[in-house]
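Trainee: I'm new to this one. Could you walk me through how its helices and strands fit together?

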Amino acid sequence: MAQGSDTFSELSQYALDRHSMRLLPEPFCRRHSVVVLGKIDAQAPDAPIPIGMVDPDNQALRFRISDFLQRPIRPVKLNRYEIDSALRTGFGAGPQTKADLLIQKRPPSRQPPTPVELVDDLLAGAFERKASDIHIESYRDDVDLRYRIDGILHQAYTDMDPESVKEVVSRIKILADMDITEHRRPQDGRIRAVIARSEEHKVVDYRVSVVPSPGGEDVVIRVLDSSAGLVPVSKLGMSPDTERLFLNLLSNPEGLILVTGPTGSGKTTTLYGALAQLNDGRKKIITAEDPIEYYVPKVNQKEVSPQMSHALLLRALLRQDPNVMLVGEIRDLETGSMALNAAATGHVVLGTLHTADAVGAVGRLRGLELDDADIADSLLAVLAQRLVRRICPKCEAPAEPTRRQKELLGSLLEGLQPRTGVGCEECRHTGYRGRTGIYELLVVDSGLQDLIAQGAHSAQIRRYARAHGFRTLVEDALAKVAAGQTTLAELVRVIPFRQIMTALEDRQQGQGGQGQRQEG
């Protein structure tokens, strides 16, 4: 039973014990802004446990925590900053975190940087720029360093030259546990670094790919901020209707939910957000990943390896009594069959496909030679997505569509008042800051199940979905343009031409039908 809360409290009044804090799952703590304070004494089962809460009057949440810990609790009112600070202590990165290297701010120097300093600078530079990737490209007479920020590559100044870059690549190989004597075949590895800035320490994982080139070796490093935490579904940028429907689908006891889109469209972020939503401590959640991108507390994450293929790992995980499975990309008949079978036998299964839109997922599954009836029985929903850059709020201004945009989008621009970012110091003169998602969610209801089981082609499936309220990527993007969140240039950049043409045809057919009704 929950006890009364303290009226005035400060975080400094309480000791923090990492083991005790982790008895509540991290996603639950972050979602509800709660944290265990002090050390839980197993020898005193009746002693109330202090729980930091932003809203200690939330009776339902208090009972839920007490029930989860199987102990009485004493709510302690803390502000959100104090909760976040405590959670960083319990779950975030600290200076004691095991890592391959510690990167500290380097004082200015007139001496040319060493290879070690160059590597530290480019790794820390990516983190500070909020870049998702680092590209080191070696040419016979030059070296390029580029950062991918919000999906776009930006050239950066570098002290590397065709001679020093060889030592830089060797340093990266050593940190990523690669063979530094091998220069003729691709290699993959991983680096974990702690970036120290003042009193703050951040753990950042870097996934490294080295590939030979005529000019030497090219390196691409994916930046994975381990301390950023999971992005909740509510922060992904879904419309209220799409978010509500997606959350309802996640609460289903069984079924296959696919997230589709090209590389870099945010599929992994969405899947981890879904895992955070499902991770209430009462479900067994297992993942099969290739590779593991982010480590999630209290989730049983497994990685594909040369000794353990994707299909072999999935077969083993089905014997681990899971409630929820994340199967990664479904790329062959064996993986697809196991995913459908697991979804049909009482498991929630999350997976990805590389398709242009949600409807195309059905054809892709058929292309793997999966049976229509099995697809219809197990497939619960398909979420297709893209990432668009957000307009910088500091420099946004009204905009007029360009001639090319008018020619391409035509009647889709009717009634639209687009905006753009003109560029400022805050956004590094790009006009954009951050990204958001655009989505289309195809739900497989009974009518759609019948169509899939009968072998209906994509055009029939799409017509049925449109007649039953299916909202396309183009429509979601146009809504975000109208709301001033993104630009027409971003819509044109990320949405395939064919989908824009289909949206125009739908608009023309709708107008034609409306005209006929008016004439009638």
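Trainee: Let's start with helix α8: which strand does it run at about 170 degrees to?

Mentor: Keep in mind that this is a predicted model. Helix α8 covers residues 267-278 and lies across several strands, among them β11, β12 (285-289), β13 and β14 (324-329). Its list also takes in β16 (379-391) and β19. The strand that sets the angle of about 170 degrees is β15.

Trainee: Those strands must be in some order. In what order do the seven strands of the open sheet sit?

Mentor: Let's work inwards from the edges, which are β13 (300-303) and β19 (432-443), each pairing on one side only. The pairing across this open sheet is mixed, and the twist averages 20 degrees from one strand to the next. Reading across, the order is β13-β12-β14-β15-β11-β16-β19.

Trainee: β15 and β11 sit side by side there. Which residue is the bridge partner of T260 in β15?

Mentor: Strand β11 spans residues 255-260 and strand β15 spans residues 348-353. They run parallel and are joined by six bridges. For T260, the bridge partner in β15 is L353.

Trainee: What feature does UniProt place at residues 253-386?

Mentor: In the model, that span is 35% helix and 26% strand. The C-alpha atoms at its two ends lie 27 Å apart. The name comes from the UniProt record, an unreviewed entry: "domain: AAA+ ATPase".

Trainee: Now for α9 and α10: are they roughly parallel or antiparallel to each other?

Mentor: Helix α9 is residues 310-317 and helix α10 is residues 333-344. Their axes come within 9 Å and cross at roughly 20 degrees, and α9 passes α10 in a left-handed crossing. Angles under 35 degrees count as roughly parallel, so α9 and α10 are roughly parallel.

Trainee: And how many charged residues does the contact of α9 with α10 have?

Mentor: On the α9 side you'll find A311, L314 and R315, which meet E334, T335 and M338 in α10. Sorted by class, this contact has three nonpolar residues and one polar. The number of charged residues is two.

Trainee: Let's try another pair. Are α14 and α15 roughly parallel or antiparallel to each other?

Mentor: Helix α14 (residues 446-453) and helix α15 (residues 458-467) have axes 10 Å apart and pack at an angle of about 175 degrees. Angles over 145 count as roughly antiparallel. That's why α14 and α15 are roughly antiparallel.

Trainee: What about the residues there: how many charged ones does the contact of α14 with α15 have?

Mentor: G447, L448, L451 and I452 in α14 meet Q460, I461 and Y464 in α15. By class, that gives five nonpolar and two polar residues. The charged count is no residues.

Trainee: There's another open sheet, with three strands. Which residue in β3 does P50 stand opposite?

Mentor: This sheet has the order β1-β2-β3 and mixed pairing, with β1 (34-36) and β3 (73-77) as its edge strands. Strand β2 (residues 49-53) pairs with β3 in the parallel sense over five bridges. Opposite P50 stands R74.

Trainee: Last one: which helix packs on that sheet, touching β1, β2 and β3?

Mentor: Helix α4 (residues 80-91) lies across β1 and β2, running at about 50 degrees to β1. The helix you're asking about covers residues 59-69, and its direction makes about 140 degrees with that of β2. That helix is α3.

Technical notes. Residues are numbered from 1 along each chain as its sequence is written. This is a predicted model: local features need pLDDT of at least 70, side-chain atom pairs count only at pLDDT 80 or more; totals for chains, interfaces and linings use all residues. Side-chain values use heavy atoms; hydrogens and water are left out. UniProt positions are given in the numbering used here, feature names are shortened, and annotations may be inferred rather than shown by experiment. Helices (H or I, at least four residues) and strands (E, at least two) are DSSP runs, numbered from the N terminus. Axes are lines fitted to C-alpha atoms, for helices over the stretch in contact, and angles run from 0 to 180 degrees between N-to-C directions. Angles under 35 degrees count as roughly parallel, over 145 as roughly antiparallel, 65 to 115 as roughly perpendicular and the rest as oblique. A crossing is left-handed if the near helix is turned anticlockwise from the far one by less than a right angle, and right-handed if clockwise. Contact means heavy atoms within 4.5 Å. Ala, Val, Leu, Ile, Met, Phe, Trp, Tyr, Cys and Pro count as nonpolar, Asp, Glu, Lys and Arg as charged, and the others, Gly among them, as polar. Two strands pair if DSSP finds at least two bridges between them.
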